[in-house]
Amino acid sequence: MRGDRLAAVLLWGAALLTLGVLLALVGHVLARGLPVVDREFLMARPSSMGRAGGIFPTVVGTVALAALAVAVAAPLGVGTAIYLAEYTRRGRLVEMIRFATDSLAGVPSILFGLFGFLLFVVRLGLGWSVLSGGLTLAVMILPTIIRTAEEAIRAVPESYREVSYALGGTTGQTVVRVVLPSALPGILTGILLGVGRSAGETAAVIFTAGTALRLPRSLLDPARSMSVHFFILAREGISPDNAYGTAAVLVLAITAVNLTAYWLLQRFQARRH
Amino acid sequence: MAALRLAALSTLLALVLIAIFILAEGLPLILHEGPARFILGRRWAPGDGDYGIGNLLAGTAWVTAGALLIGVPLGLSIAVFLCEVAPPPLAPFLKPAVELLAAIPSVVYGFVGLVTLVPLIRTHLGGPGFSVLACSLVLGVMILPTIASVTYDSLRAVPSAYREGSLALGAARWQTITRVLIPAARPGILAGIILGTGRALGETMAVLMVAGNALRAPTSPLDPVRTLTGNIALEMGYAAGEHRQALFATGVVLFLVIFSVNVVARALVRGPSGAR
């Protein structure tokens, strides 16, 4: 019983320490960053390399990169999930797809950056651009979207499908009208997690979308995301205030996206039980 | 159906393309230098045409080991806490908090480490502050969510009859956790640790900002260090020709190491019988 008490103390300690680290991390960034953030900061162009002015082009860059990544990865990922969950049984191909998805999930972001640079920037001649960066991010977030969507689809009760078949529905109709609508919150969760990862990514984006601090006007323009902007401001000591401000916006946005994703998933799971 | 199958091939295609492109760019230099000289060579001096990543490998090993020392006990404790101990009002906060920890961008980790940990280490423990220790602390927190969530899932998957049986035999809760639940969940826990190792090996921006990036191999936790990933990120911006190939060659080594780590993790999750 003394062991029980000691263990409880250690476990409580670990839990409180983790919560404390999270609060300290977010608190530090917000305390230093939020005073800098106002309408002007979000909507104005930067001047003198980001030393003064706002971060508008980097907000646009981040949104454009994440939107493109999701626009490409969501159909591919959800398609893969439907195929794995509804159309196949175990087999060599399915094994290989799962292996590739798991392996892709473990590839570090810097390697996605090198790959995107070689394929999109150089080989396909897209240059440092929103397109190169977005496509690179799409490959990176694909495993997350596939896993979450597949889990959501598998969680749809078998009886739903049986009813649809009993009413004469084909597999295609069953998937589109019965399975996907009930799996939608889970699928959206995966997509939101992908948005969050895209927005926070630096290594994969810096070599593919570039670092140009201009407002991107087309998919072929280079773009600097907020993460890259923050990295450059912080590392080169350009402006601690603007660095903290950028970090605060980034952390708030990512927290909002992730908590929404978490909330959706909880509701989805609660409905199932 | 055909469209779905095509979509399903996307990850396979992506993985193959990544392997092909990085190998094609990096492998020639490894073969030209000789694999042994490239991997074990201790001098990285692109100006002189010397490409040895021995010290960088040592750096990555130091930093990953340090991250595991911090991330494994914390991650396991969080998972056990969430599963077995957390009172109902706390658990709904702690779980999203751990997931949020995984979502915070690595540059934010790096920067906060830079402005808080580095000066703290410099004044209280000595050395430049940019160090293996700073990297380990930052990385330890970053891999904690991976370890915690995989462990949590495998603890949850242990049939409740095991728990009930142990308690019915008069075992204390701690005995039940260490002698019944953890052994039953062991493959999943190991897989979580290995996945965390993969994350630590591959993390770039956070490490770069607190490592100091000296090219010597560290001999103490307070020494500055340069990792494989940090080296690529630091020099990619201006490297050209043979130098750039050498960075891709570094990427090849990183890819192979992480790929093997993931294969092991996968085999462990599936267990010896091949069933989940």
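Biologist: Which residues does A:Thr18 touch, not counting residues up to four places away in sequence?

Modeller: In this predicted model, A:Thr18 touches B:Leu74, B:Ile78, B:Val98, B:Leu101 and B:Leu144, and the place of A:Thr18 itself is in helix 1 of chain A.

Biologist: Why is A:Thr18 called buried?

Modeller: The relative accessible area of A:Thr18 is 4%, and the word buried applies under 20%, so A:Thr18 is called buried.

Biologist: What makes the pair B:Arg266 and A:Asp102 a salt bridge?

Modeller: The side chains of B:Arg266 and A:Asp102 meet at 2.5 Å, N to O, and a side-chain nitrogen of Arg within 4 Å of a carboxyl oxygen of Asp is what the term requires, so the pair is called a salt bridge. The count between chain A and chain B is one salt bridge, and there are also four residue pairs in polar contact, both residues being at pLDDT 80 or more.

Biologist: Which elements give two or more residues to the side of chain A that touches chain B?

Modeller: Among them are helix 1 (2-33), helix 3 (56-87), helix 6 (130-154) and helix 11 (240-272) of chain A, and the largest share, 16 residues, comes from helix 1 of chain A. The residues on this side of chain A divide into 48 nonpolar, 13 polar and six charged.

Biologist: What is the area buried between chain A and chain B, and how many residues does the contact take from each chain?

Modeller: The area buried between chain A and chain B is about 6,300 Å², with carbon and sulfur atoms giving 83% of that area, while the contact takes 67 residues from chain A and 70 residues from chain B.

Biologist: Where is B:Asn213 found, and what makes B:Asn213 a buried residue?

Modeller: B:Asn213 is found in the loop between helix 11 (205-211) and helix 12 (228-236) of chain B. The relative accessible area of B:Asn213 is 10%, and the cut-off for buried is under 20%, so B:Asn213 is called buried. Phi of B:Asn213 is near 60 degrees, a positive value in a residue other than glycine.

Biologist: Where in chain B does pLDDT stay under 50?

Modeller: The pLDDT stays under 50 over residues 272-276 of chain B, for which the model has three contacts beyond four places in sequence. Where pLDDT is low, predicted coordinates should not be read in detail. Chain B nevertheless averages a pLDDT of 92, and 97% of the residues score at least 70, while the model scores ipTM 0.93 and pTM 0.94.

Technical notes:
Residues numbered from 1 in each chain as written. Chains lettered and ligands numbered in written order. Heavy atoms only, no water. Contact = heavy atoms within 4.5 Å. Buried area = accessible area lost by both parts, 1.4 Å probe. Polar contact = N/O pair within 3.5 Å; in protein donor to acceptor, adjacent residues only side chain to side chain. Helix = DSSP H or I, 4+ residues; strand = E, 2+ residues; numbered from the N terminus. Nonpolar A, V, L, I, M, F, W, Y, C, P; charged D, E, K, R; others polar. Buried < 20%, exposed > 50% of the residue type's maximum accessible area, 1.4 Å probe, protein only. pLDDT = per-residue confidence, 0-100.
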